[in-house]
Amino acid sequence: MRYEKLLVAAGAAFFVGVVSAQEPGKPAPAFDLPASSAQAVRLADLKGRVVYVDFWASWCAPCKQSFPWMNDMQAKYGPKGLTIVGINVDKKREDADKFLAGTPAKFTVAFDTSGKVAQAYQPKGMPTSYLIGADGIVRAVHVGFRDKDKDELESELAAALSASGRK
Amino acid sequence: MKRLLLMVAVAVLAAGCESMPKVQPWEKGNLAKPEMAFDPDTLEARFADHTYFSKEGASGGAGVGGGGCGCN
């Protein structure tokens, strides 16, 4: 009897600090972050557009590979209602700026130096992307970036855009 | 009171490092630095590894994949 209680206490301690991650079907957590442009980026301001949120870091090699692809996607689908927001999770802004000098981003880049937004989205690796539909609901989550993922990601983007009623 | 203390102590002990803040995937900037690698010199490590598996007659199993970004 006594040990049962001990076990319960020990078991409870294991689960402290477990936060549920973002999954498809859940509403995307709001964010308001300083951006590379003068204006801050707010998810609320992007309502009605399909938003591709990508968490990246200067120290992450696959992130570097994903940038040219995201530039292409922004150029191709931007006029159709897609906004790509690359959220940088570096603790120092300078690290991100150095990365961006060598790897230009032609999409919105936001800076989450405190890691608060990452905390809310719980990306499981770097990079992790969240495709958010025009209704503000997460449609797809993708961890990592490989060349072979490109087609699948693009078709998800296109599907989200056609579901939003834009063509 | 004693019992409660014991319970708390067991809970803390059983949880171990679990109760400490975990390094999250987006916080691995320091872990991804080159000086955090097991082998500081990749070329030398490969050379040593080559010597090793040539002697051993079997290769592989010497390392783990990944660059600290949790993407593998």
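Here is a short chat about how a few features of this predicted model earn their labels.

Trainee: What makes strand 6 and strand 7 of chain A a pair?

Mentor: Two strands pair if there are at least two bridges between them. Strand 6 (residues 128-132) and strand 7 of chain A have 5 bridges, in the antiparallel sense, so they count as paired. One of the matches is A:Ser129 with A:His142 as its bridge partner in strand 7 of chain A.

Trainee: And why are strand 5 and strand 7 of chain A called edge strands?

Mentor: The open sheet has 5 strands in chain A, in the order 5-4-3-6-7, with mixed pairing. Strand 5 (108-111) and strand 7 (138-143) of chain A each pair on one side only. From one strand to the next, the twist averages 20 degrees.

Trainee: How do you know that the length of helix 5 of chain A agrees with what its residues should span?

Mentor: Take 1.5 Å a residue: the 14 residues of helix 5 (residues 150-163) of chain A should span 20 Å, and the end C-alpha atoms are 20 Å apart, so the two agree. After helix 5 of chain A comes A:Gly165, with a positive phi near 90 degrees.

Trainee: Which residues have the most contacts inside the largest nonpolar core?

Mentor: A:Phe55, A:Ala57 and A:Ile87 do, in a core of 43 residues. Strand 3 of chain A gives the largest share, 6 residues.

Trainee: What does A:Phe55 touch?

Mentor: Leaving out residues up to four places away in sequence, its contacts include A:Ile87, A:Tyr121, A:Met126 and, from chain B, B:Trp26.

Terms used. Residues are numbered from 1 along each chain as its sequence is written. Chains are lettered from A and ligands numbered from 1 in the order in which they are written. This is a predicted model: local features need pLDDT of at least 70, side-chain atom pairs count only at pLDDT 80 or more; totals for chains, interfaces and linings use all residues. Helices (H or I, at least four residues) and strands (E, at least two) are DSSP runs, numbered from the N terminus. Axes are lines fitted to C-alpha atoms, for helices over the stretch in contact, and angles run from 0 to 180 degrees between N-to-C directions. The expected span of a helix is 1.5 Å times one less than its number of residues. A nonpolar core is a set of buried Ala, Val, Leu, Ile, Met, Phe, Trp, Tyr and Cys residues joined through C-beta atoms within 7 Å. A residue is buried if 20 or more other C-beta atoms lie within 10 Å of its own, exposed if 12 or fewer, and partly exposed in between; C-beta atoms are placed from the backbone. Two residues are in contact if their C-beta atoms, placed from the backbone, lie within 7 Å.
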